[in-house]
Amino acid sequence: MDPFLFRNNNLYCEDVALADIAAEYGTPCYVYSKSFLLSRCQAYLQALAGYKHLVCYSVKAASNIYLLKIIAEQGLGCDIVSGGELFRAKLAGVPGRKIVYSGVGKSAAEIRSALEYNILFFNVESEDELLLINETAAEMGLIAPVTLRVNPDVDPLTHPYISTGLKENKFGIPIVDAERIYLQAFNDCKNIKFVGVDCHIGSQLIKLSPFKDTAFRVRALIENLLSHGLQLDYVDFGGGLGIDYDGEDVPEVNQLVDIFTEVLEGLDLTIVLEPGRSMVGNSAVMLTKIQYIKNSSEKKFAIVDAGMNDLLRPSLYNAFQKIEKINISQHSASDPFSKYDIVGPICESGDFLAKERAFPELYKDDVLAVMGAGAYGFSMSSNYNSRPRAPELLVDGSSVTVIRERESYEDLVRGEKLGR
Ligand SMILES: *Cc1c(COP(=O)(O)O)cnc(C)c1O
């Protein structure tokens, strides 16, 4: 169910024309669909309905507290990777027992605040981290619930920057070392309780086979640990399910869940998933307006008012995101197509949203929608070139709510000092 559809040549989000949003709130801006977000929550909950489960939405994909609250109200928890994300999850009312904490570089202060909030478990990524959690929990007179994030050395068949489960990646503990570390810490670390095994092999996976290979390796480890007397309640398979950016054939959530449940057959464990992109990726577009058209003999450029500070994925990963002109007027529909680079105002050659993309004739003031902008869109945005961050808007039927205001110039210098 795609909330972004054309009606009478105008692109809508649910029942609101994107042209009306651009006119009222200005560009660039992010526009999310509430109904789409709800349908993604339901897709995960329904796929897991027959099993003990917890779906922990990966906060870093889109971190707005308004969105987190909607997700939490559906019964989902959160996967966090920093103290800042813990702060957001608390504001959104996510209970500690529905929070799992991943990430390679948790600080002592972050570990302490997560223990104070009584989170469900830490996904531990190194032996040193395990020792620090044990020490911190001892100081607080607590027992810390942990899993080890194991690195199964499976090729996720995705972009190298978003692959995390190969042995050369910095993430997790090599699965061949995991058993030794589990058993050693089980004996030595008195303020740690192992509650499960965790993995997360990468992002934007559009094949199921890497998930299946991972699940088999994780199951083998779990069986070994159980045979040594550990009591494990959870298996966390992370996130990573891809979305359709460019007509790719992408597995459904229930196909992914079926793989996990088949491989786990006979084990009495709660399945934890940490979806990010597949929850929010297609829930939003970023609107941007063409400021100038520049035609040289070599190339056509459309210079838009959004840059790599607003949407980094094309510059960072050379990621493809579909771009639509939000009004297809009669005359432009009959125009011949030509190729444009859609570029931003930032002083970097890497500042582009699309290269060599075919469009009908583009004009100054045309508004473009960058599709699939919900995940790693706003959350990766920055103030580079001293550009205030774009607003985030949520559409629910025919109503529009500002869930984050456009930043002001005052916001840009908050905390800075002029000196004397
Ligand atoms: C980023 C991340 C996720 C979410 O990944 P998606 O590909 O967006 O689903 C889940 N778990 C961990 C540990 C992550 O770092």
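**Reading the ligand site and the domain interface**

A polar side-chain atom of Asp79 lies 3.2 Å from a nitrogen atom of the ligand. The model is a predicted one, and the dialogue below starts from this contact.

Me: Which polar atoms of Lys60 and Gly276 approach an oxygen atom of the ligand, the side chain or the backbone?

Reply: One should ask of each contact which part of the residue supplies the atom. For Lys60, an N or O atom in the side chain is 2.6 Å from an oxygen atom of the ligand. For Gly276, a polar backbone atom is 2.9 Å from an oxygen atom of the ligand.

Me: Which residues around the ligand come nearest?

Reply: There are 14 residues around the ligand, and those that come nearest are Lys60, Ser203, Glu274, Arg277 and Tyr376.

Me: How is the chain divided into domains?

Reply: A domain may be assembled from separate segments of sequence, as here: domain 1 comprises 4-32 + 281-413, and domain 2 comprises 34-279. Their C-alpha centres lie 33 Å apart.

Me: How many residues of each domain are in contact, and what area is buried between domain 1 and domain 2?

Reply: The contact involves 24 residues of domain 1 and 22 residues of domain 2. About 2,000 Å² is buried between the two domains, with carbon and sulfur atoms giving 58% of that area. On the domain 1 side, Asn282, Tyr317 and Tyr376 supply 29% of the area buried against domain 2, more than any other three residues. Tyr376 thus appears in two lists, since this residue is also among those nearest the ligand.

Me: How should I read charge pairing across this interface?

Reply: Side chains of opposite charge can pair when their charged atoms come close. Across the interface of domain 1 and domain 2 the rule finds 1 salt bridge. Asp396 forms a salt bridge with Lys34, where the closest N and O atoms are 3.9 Å apart; the cut-off is 4 Å. Polar contacts between the domains number 9 residue pairs.

Me: Which elements supply the side of domain 1 that touches domain 2, and what is its make-up by class?

Reply: Helix H11 (313-317), strand E20 (392-396) and strand E21 (399-404) each supply at least two residues. The largest share, 4 residues, comes from E20. By class, this side has 9 nonpolar, 9 polar and 6 charged residues.

Me: How many salt bridges does the whole structure hold?

Reply: The search finds 17. One pair to examine is Lys299 with Glu356, at 2.4 Å from N to O. Lys299 sits in the loop between strands E14 (284-295) and E15 (300-304), while Glu356 belongs to strand E18 (residues 352-360), so that the pair links distant parts of the chain, 57 residues apart.

Conventions. Residues are numbered from 1 along each chain as its sequence is written. This is a predicted model: local features need pLDDT of at least 70, side-chain atom pairs count only at pLDDT 80 or more; totals for chains, interfaces and linings use all residues. Side-chain values use heavy atoms; hydrogens and water are left out. Domain bounds come from an automatic or database domain assignment. Contact means heavy atoms within 4.5 Å. Buried area is the accessible area (1.4 Å probe) that two parts lose on being put together, summed over both. A salt bridge is a side-chain nitrogen of Lys or Arg within 4 Å of a carboxyl oxygen of Asp or Glu. A polar contact is a pair of N or O atoms within 3.5 Å; within protein, one must be able to donate a hydrogen and the other to accept it, and residues adjacent in sequence count only if both atoms are side-chain atoms. Ala, Val, Leu, Ile, Met, Phe, Trp, Tyr, Cys and Pro count as nonpolar, Asp, Glu, Lys and Arg as charged, and the others, Gly among them, as polar. A residue is near a molecule or strand if one of its heavy atoms lies within 4 Å of it.
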